[in-house]
Structures are given as C-alpha cells and as structure tokens.
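Good morning, and thank you for coming. I would ask you to keep the structure in view while I speak, as I shall move from one region to the next.

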Amino acid sequence: MSWLHAVVYGVLQGFSEYLPISSTAHLLIAGRLTGWGDPSAAFTAVIQIGTILAVLVYFRRDLVELLKGLLKTIRERNLDDADGRMAWLLVIGSFPIMVLGYLFRNAIEGPARNLVVVGLSLVLGGVLLLAADLLGKGHLGVNHLNVRYALILGVGQSLALIPGVSRSGATIAVALLLGFNRVAATRFSFLLAIPAVVVSGLYELRKVADGQVAWAPTIIATVLSFVVGYAFIAWMLKYVASHTFKWFVWYRWALGGLVLALVAFGVVTAS
C-alpha cells in the first residue's frame with residue numbers, strides 16, 4: 001500500500017465514519033474501482049481508531065464526567081449518578097457487537113466483503129433510515145436511555161458488521177424508531193461506537209505488529225481519519241438539529257445502485 005492509497009483511505013474513513021453512509025463500503029468501493037484491491041478488514045479496523053480518537057477529543061468533557069460517574073458508581077455501589085449510569089449503559093450497549101463480531105469474524109473478514117453485499121446493504125440501509133426518519137416520534141432525549149434501550153441500540157449497531165450498513169446509520173435508525181430525537185440518536189451513536197471500535201482496533205493491531213498490515217500507510221491513514229473525522233462530527237451534530245436524513249438516504253440509494261450496476265455489467269468483480 002502506497003502513501004497515496006493511505007491518504008485516500010484515511011480521508012474516506014474520516015469523511016464517512018460519522019455520516020450514515022458506511023465507511024467500510026466507501027473503502028471497499030474505492031479499492032475495487034481504482035484496482036487497488038480490498039484494503040482488508042484489519043486495516044479498516046485499525047484506521048477506525050483515528051475516528052474514535054476524534055470522538056474522544058470532541059466529547060472529552062463529557063467523557064471525563066462519564067468516567068468520574070462510572071468510578072463513583074463503583075465506589076458507592078449504586079447507580080444514582082446520571083453520568084455513571086450513562087457510562088454503564090454504553091458498556092452494556094457495546095456487548096452485542098463485540099460478541100457477534102467475534103463469533104462471525106471469519107465471515108466479516110472474508111465472504112461478507114463482497115460488492116453485492118455492499119450494494120444491497122447501502123440500498124436496504126437507506127430504506128431503514130428513511131422509515132426511521134418518517135416514523136420516529138422524536139420525543140425522547142439521552143436522559144431517557146435505560147438498559148432495554150441500550151441493548152436494543154447495541155443490536156442495531158451490530159448490523160454494521162455487514163459491510164455497507166453503517167454503524168452510525170444503523171444505530172441512529174433504531175434510536176429514531178424507539179422514539180429518540182435526531183440529536184440524541186446521533187450523539188448516542190457516536191458515543192456507543194467508542195468501546196467496540198477501540199476493542200476491535202486494538203485486536204487488529206496485532207496484524208500490524210506481525211507485518212500483515214503495513215505500519216507506515218496505516219499510521220498516515222489513521223491520522224487523516226482523525227482530522228477529517230473530527231470536522232465531520234461537529235458538522236453532523238449541527239446538521240441533524242434542523243435537517244432530516246433524506247439526503248443521506250438518496251446518497252445511499254444512488255451509490256448502492258451504482259455498485260450493483262457495475263457488478264451486473266462486469267465493470268468490477270463482486271469479490
């Protein structure tokens with residue numbers, strides 16, 4: 001992988017991770033259309049650490065309070081502290097994707113990285129997002145989260161194990177269908193991604209250490225994904241405060257339809 005590949009992949013990762021359009025899909029599509037090949041699940045998982053670092057920096061004050069609250073609940077052995085309770089809900093909501101990601105890791109890293117799967121996931125994920133945007137009542141805020149909601153949102157996030165679904169898109173759609181407003185749904189989807197992506201990225205770092213993934217391009221892509229990702233976190237939170245998700249739905253349908261057409265006409269191979 002050259003430095004040019006790393007730059008393109010890093011920018012794409014940062015741009016698409018926090019928009020409901022699937023970063024994995026964009027990396028796969030870019031690799032196939034340019035002839036660079038599949039950047040690999042390991043490379044993708046590691047450079048996602050850059051976008052997670054962007055979340056950690058952007059929400060640093062919130063996270064400090066969550067950590068203080070978490071430690072307080074452990075020390076006092078109760079869940080009276082609101083920040084501590086939220087921290088535990090983030091942990092609980094992360095279990096589904098961690099468990100399913102480990103159980104189905106071979107399929108995720110192999111057969112699922114197929115452009116037909118990506119194209120269909122983009123289209124169907126757009127349908128889910130549109131339905132959620134139209135049907136979601138939007139009267140619940142972050143303070144309404146409980147264990148049941150956290151687990152349901154965690155299962156929704158697990159859909160992102162299928163390339164093309166989108167981690168933020170799936171979590172936001174499920175949150176909207178549960179009745180959360182757009183800002184709360186988006187904010188929680190960003191925070192919920194932290195535990196799972198950190199664990200996944202650290203797990204895959206071993207492949208950089210043993211030479212399966214080139215370390216220099218990986219570092220370049222990770223740094224760029226951090227910078228671009230930080231900018232899009234701020235933009236996305238402002239955008240959803242006064243806009244629907246319809247533009248993202250249309251984008252998903254257009255990109256998914258294009259990918260399926262290219263595969264159908266033999267312009268690119270599915271895998």
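I begin with helix 10, residues 182-209, which gives the largest share of the lining of the second largest cavity, namely three residues. Please bear in mind throughout that this is a predicted model.

The second largest cavity holds about 40 Å³ of space. Its lining consists of Val142, Leu145, Leu153, Ala175, Phe180, Ala184, Ala185 and Phe188. What is the character of that lining, in terms of nonpolar, polar and charged residues? Eight residues are nonpolar, while no polar and no charged residue takes part.

Let me take one of these lining residues, Leu145. Leu145 sits in the loop between helix 7 and helix 8. Its relative accessibility is 10%, and Leu145 is therefore counted as buried, the cut-off for that term being under 20%. Leaving aside residues up to four places away in sequence, Leu145 is in contact with Met86, Leu89, Leu153, Phe180 and Phe188. Among these partners, Leu89 is 56 residues from Leu145 in sequence, yet the two C-alpha atoms are 7.8 Å apart in space.

Phe180, another residue of the same lining, leads us to the aromatic rings. How many aromatic pairs does the model contain? The count comes to 12. One of them joins Tyr149 and Phe180 in an edge-to-face arrangement, with 5.2 Å from centre to centre and 80 degrees between the planes. This pair links distant parts of the chain, since Tyr149 belongs to helix 8, residues 147-158, and Phe180 to the loop between helix 9 and helix 10, 31 residues apart. Are these two residues buried or exposed? Tyr149 has a relative accessibility of 13% and so counts as buried; Phe180, with a relative accessible area of 2%, is buried too.

A second ring pair is formed by Phe245 and Phe248. Their ring centres are 6.3 Å apart and their planes stand at 45 degrees, so this pair is tilted. Phe245 and Phe248 are both buried. They also belong to a cluster, connected through ring pairs, that includes Phe15, Phe232, Trp235 and Tyr239.

I turn now to the cavities as a whole. The structure holds two cavities of 30 Å³ or more, and the largest contains about 50 Å³ of space. Which residues line the largest cavity? They are Gly125, Leu128, Leu129, Val165, Gly169, Ala170, Ala173 and Arg252. Helix 7, residues 115-135, and helix 9, residues 167-178, each contribute at least two residues to this lining. By type, the lining of the largest cavity divides into five nonpolar residues, two polar and one charged. The lining of the second largest cavity, as I said, has eight nonpolar residues and no polar or charged ones.

My last stop is Thr51, in helix 3, residues 41-58. Thr51 has a relative accessibility of 0% and therefore counts as buried. What lies 2.7 Å from a polar atom of the Thr51 side chain? It is the backbone oxygen of Gln48. Beyond residues up to four places away in sequence, Thr51 touches Gln13, Gly14, Glu17, Tyr18, Ser225, Phe226 and Gly229.

That concludes my tour, and I thank you for your attention.

Methods
Residues are numbered from 1 along each chain as its sequence is written. This is a predicted model: local features need pLDDT of at least 70, side-chain atom pairs count only at pLDDT 80 or more; totals for chains, interfaces and linings use all residues. Side-chain values use heavy atoms; hydrogens and water are left out. Helices (H or I, at least four residues) and strands (E, at least two) are DSSP runs, numbered from the N terminus. Buried means under 20% relative accessible area, exposed over 50%, partly exposed in between (1.4 Å probe, protein chains only). A polar contact is a pair of N or O atoms within 3.5 Å; within protein, one must be able to donate a hydrogen and the other to accept it, and residues adjacent in sequence count only if both atoms are side-chain atoms. Contact means heavy atoms within 4.5 Å. On a 1 Å grid over the protein atoms alone, a cavity is a set of points where a 1.4 Å probe fits but cannot get out, and a pocket is an open set with protein on both sides within 12 Å along at least five of seven lines; lining residues have an atom within 4 Å of a point. Grid points are joined across faces, edges and corners, and a volume is the space filled by probe spheres set on the points. Ala, Val, Leu, Ile, Met, Phe, Trp, Tyr, Cys and Pro count as nonpolar, Asp, Glu, Lys and Arg as charged, and the others, Gly among them, as polar. Rings of Phe, Tyr and Trp (its six-membered ring) pair if their centres lie within 6.5 Å; planes under 30 degrees apart count as stacked, over 60 as edge-to-face and the rest as tilted.
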